[in-house]
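Me: I would like to go through this model by question and answer. Please keep to what can be read from the coordinates.

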Amino acid sequence: MKRTAVALSTAALLLPLSACAGSAEAGDGSTVTVTVGYQSKTINTVTAGTLLRSLGYFEKQLDSLHDGHTYKVDWQDFATGAPITAQMTAGKIDIGSMGDFPLLLNAARGKQLGSPTHLVSVTGYNLRGGLNTVVTAPGSAITSLEDLKGKKVSTSIGSAADGTLVRALQRAGIDPDKGISKLNQQPAVGASALSAGSVDALSQFVAWPGLLAYQGKAKAVYDGAQLDLPTFHGVTAREDFTRKHPAVLDAFLKAQDQATEYLDHHPVAAAEKVADTTGLPAEVVYLYNGAHGIATFDPALTPRLVSALKQDVSVLKAAKLTGDIDVDSFVDDRYVKKALGASYTKRLSTPPPTAASEVWAKGSGKTISFKSPGQLLAYVAAHRDGIRAAYVPDATTGTLWFADRAVWVADGGRLLPFVTPATARNYVTAHAGARTVSYREALERAS
């Protein structure tokens with residue numbers, strides 16, 4: 001089935017859909033076509049999509065099966081998770097990757113149509129929620145969530161970014177339904193609307209907030225990590241396909257683990273590969289997928305992430321996007337346990353890397369890490385013409401951000417970065433003598 005140019009909305013996913021005829025089998029029965037739905041520009045899914053495809057690991061794993069079948073992989077790229085779910089329930093996609101809220105809709109839709117799917121692994125995650133960000137125009141007077149009251153905000157309803165927006169507004173005392181004018185738009189459409197001034201803010205998932213900030217087209221107004229609730233993307237598979245071809249899913253998960261290992265050991269090279277494929281700047285890819293990036297990659301289905309998924313159900317129910325969802329029956333960790341083997345138990349308790357400041361020098365195939373943002377600033381000040389990108393973790397949430405896009409605070413001899421003006425103000429209010437400074441002044445102080 002030819003993919004439509006515009007992704008189906010979440011609401012459309014919940015309407016009756018007649019299953020399309022089709023099968024993963026093709027030709028004379030000895031050839032098996034495996035269809036994988038992925039989101040190339042949702043870059044914390046790259047170990048199950050963009051990077052995995054470019055490395056060819058899945059195809060190599062399938063070639064090693066030697067079970068009498070010839071395998072072909074059909075990679076289908078989408079902008080969001082909604083159309084992947086539509087194609088999965090129609091029997092047209094076998095394995096797909098998407099965010100936590102779309103995963104729940106995937107579970108609900110599969111059950112509704114009698115075509116169940118299961119969450120079988122995780123791609124990228126952030127335990128505090130830093131993968132989703134609300135941004136506004138660079139010159140906007142909006143500097144906090146409270147300023148969004150009565151304003152137009154673009155998001156993709158049913159996405160993880162929409163979930164962040166809803167929760168953040170509720171904490172700020174704003175009714176997410178009546179307190180703002182919410183526009184349901186594709187990420188690219190919302191980004192264009194923000195640039196055109198037809199919306200006041202944009203709430204989106206990776207890599208859109210970082211991309212717009214990097215391009216100077218947006219500034220962060222809310223860091224999703226302020227919620228301190230895990231957010232993640234994962235891999236879902238059709239139950240009927242998995243039952244028929246368990247070795248294929250095993251091959252996929254082993255290949256995903258190989259891609260994860262490649263990303264962990266070669267983060268700069270991985271960022272370059274993803275950039276080459278997607279057209280995204282490598283500097284933006286590295287912000288999320290780097291050695292100390294916003295996303296941590298591991299296929300293991302940890303209890304903390306499963307618990308977070310259960311908490312997400314109430315948000316979707318309140319928005320009338322779904323009813324009750326049996327998360328426990330949706331999560332199936334049997335296959336990833338088998339694929340990862342003895343290391344699985346250890347992975348369940350391995351914490352993500354600690355936040356660190358990093359500089360990516362021009363012409364370098366690796367980054368330089370610093371113990372403090374002040375040390376990074378001193379290095380940047382001494383090598384102004386040789387810096388490709390500089391990254392610093394928010395002083396309160398740990399979310400990595402571009403040093404030249406951060407809000408800087410001078411507190412005595414310390415220089416502290418923040419993703420948003422609001423978190424910087426909160427720090428200044430709580431620390432006598434602290435004050436915000438420009439990036440230029442921060443560099444001068446550090447040099």
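Reply: The model is predicted, and the questions below take up a sheet and then the nonpolar cores.

Me: In what order do the 5 strands of the open sheet stand?
Reply: The pairing in this sheet is mixed. Neighbouring strands are turned by 30 degrees against each other on average, direction ignored. The order is β8-β7-β9-β6-β10.

Me: Why is one side of β8 and of β10 left without a neighbour in the sheet?
Reply: β8 (181-184) and β10 (219-223) each have a single partner strand. One side of each is therefore unpaired in the sheet, because both stand at the edges.

Me: Which residue in β8 stands opposite serine 154?
Reply: Strand β7 covers residues 152-155 and pairs with β8 in the parallel sense, over 4 bridges. Across from serine 154, in β8, is leucine 183.

Me: At about what angle does helix α7 run to β9?
Reply: Helix α7 (residues 187-196) lies across β6 (132-136), β7 and β9 (201-205). Its angle to β9 is about 155 degrees.

Me: Which helix gives the largest share of the largest nonpolar core?
Reply: That core has 102 residues, and Val34, Ile43, Phe58, Phe252 and Tyr288 touch the most other members. Phenylalanine 58 has contacts beyond four places in sequence that include Val34, Trp75, Val248 and Phe252. The largest share of the core is 9 residues, from residues 246-265, helix α10.

Me: How many residues make up the other core, which lies apart from that one?
Reply: Leu376, Ala381, Ala390 and Leu443 are among its members. The count for this core is 17 residues.

Terms used
Residues are numbered from 1 along each chain as its sequence is written. This is a predicted model: local features need pLDDT of at least 70, side-chain atom pairs count only at pLDDT 80 or more; totals for chains, interfaces and linings use all residues. Side-chain values use heavy atoms; hydrogens and water are left out. Two strands pair if DSSP finds at least two bridges between them. Helices (H or I, at least four residues) and strands (E, at least two) are DSSP runs, numbered from the N terminus. Axes are lines fitted to C-alpha atoms, for helices over the stretch in contact, and angles run from 0 to 180 degrees between N-to-C directions. Contact means heavy atoms within 4.5 Å. A nonpolar core is a set of buried Ala, Val, Leu, Ile, Met, Phe, Trp, Tyr and Cys residues joined through side-chain atoms within 4.5 Å. Buried means under 20% relative accessible area, exposed over 50%, partly exposed in between (1.4 Å probe, protein chains only).
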